Amino acid sequence: MELKIKVICENLPGTQFKGAVGGHSVTRRNVHLGIQQGDDVVGAVPANRKRVVFEPTFRVSPLPAGKTNFLGPYAKGTQTQRFFYLSWLVKDEDDSLTMIGRAKVHLSHLSWSRVEEAIRCGRPLSVKLSLTDKAGRPRCGSIRGDDVSWQE
């Protein structure tokens, strides 16, 4: 079985921000957002958009205790702790992209009944994410709480 997840990224930080690297203040320019597929980041777009949407597809199967196993090129982590990455990149003068950070979006809390219902109805699960941290920089690390909202 396959499940599509509609990843709605909002409140992006823009294409430039100031931060610290190795104890030194740096300005990052030409910042982009993409989604990690296998070892590659795909779909990278400038981070100054009002909204960015990614639609990865996962193979899914039931696990004991009503849990869901997520598989495929977007799925990361162990069977019981699956997630996917949104990656922050800087586009260099030669158009190459260099990763500067990642946001981890957890999947393991999604029950098999919820996933199975979405598949049966032929609709994706949707997740809305706020991707700017309190300092105005790209949000990295695990995204939880008020910064993530799962919808059917």
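In the hairpin formed by strands E7 and E8, five residues lie between the strands, and one of them, Ala65, adopts a positive phi near 65 degrees. The model described here is a predicted one. Ala65 belongs to the loop that runs between E7 and E8, and because its relative accessibility is 76%, Ala65 counts as exposed. From Ala65 to Ser149 the separation is 84 residues in sequence and 23 Å in space, C-alpha to C-alpha. The two strands flanking the loop run antiparallel, and four bridges join E7 to E8. Within this pairing, Val60 stands opposite Phe70 in E8.

A step back helps to place this hairpin in the whole chain. The chain contains one helix and 13 strands. Their order along the sequence is β-β-β-β-β-β-β-β-β-β-α-β-β-β. The radius of gyration of the chain is 16 Å, close to the 15 Å that the globule rule gives for 152 residues, so the chain is as compact as a globular protein of that length. Taken along the principal axes, the C-alpha atoms fill a box of roughly 50 × 30 × 25 Å. Of the 152 residues in the chain, 41% are buried. Among contacts with a separation of 6 or more, 60% come from residues 24 or more positions apart. The chain exposes about 8100 Å², and carbon and sulfur atoms supply 44% of that area.

Aromatic residues offer a good way into the interior. A pair of aromatic rings is described by the distance of the centres and the angle of the planes. In this model the count comes to four aromatic pairs. One of them is formed by Phe58 and Phe70, an edge-to-face pair with 5.9 Å from centre to centre and 90 degrees between the planes. This pair links distant parts of the chain, since Phe58 lies in strand E7 (residues 57-62) and Phe70 in strand E8 (residues 68-71), twelve residues apart. Phe58 and Phe70 are both buried. Phe83 and Tyr85 form another edge-to-face pair, with centres 5.0 Å apart and planes at 75 degrees. Phe83 has a relative accessible area of 10% and is therefore buried, and Tyr85, with a relative accessible area of 14%, is buried too. A single aromatic cluster is made up of Phe58, Phe70, Tyr74 and Phe84.

The rings of Phe83 and Tyr85 also have charged neighbours. Over the ring of Tyr85 sits the charged end of Arg102, 3.7 Å from the ring centre. The charged end of Lys104 sits over the ring of Phe83, at 4.3 Å from the ring centre.

Ile35 gives another view of these surroundings. This residue is found in strand E4 (residues 31-37), and because its relative accessibility is 3%, Ile35 counts as buried. Leaving aside neighbours within four places in sequence, Ile35 is in contact with Asp40, Val41, Val42, Phe54, Pro56, Tyr74, Phe84, Tyr85 and Leu86. Ile35 thus touches Tyr74 and Phe84, which belong to the aromatic cluster with Phe58 and Phe70. Another contact of Ile35 is Tyr85, the partner of Phe83 in the edge-to-face pair. Ile35 and Trp150 lie 115 residues apart in sequence and 18 Å apart in space, C-alpha to C-alpha.

Methods
Residues numbered from 1 in each chain as written. Predicted model: local features only at pLDDT ≥ 70, side-chain atom pairs only at ≥ 80, totals over all residues. Heavy atoms only, no water. Phe/Tyr/Trp six-rings, centres within 6.5 Å; stacked < 30°, edge-to-face > 60°. Buried < 20%, exposed > 50% of the residue type's maximum accessible area, 1.4 Å probe, protein only. Lys NZ or Arg CZ within 6 Å of the ring centre and 35° of its normal. Rg over C-alpha atoms; globule rule 2.2 N^0.38 Å. Contact = heavy atoms within 4.5 Å. Areas by Shrake-Rupley, 256 points an atom, 1.4 Å probe, with all protein chains shown as cover. Pairing = 2+ DSSP bridges.
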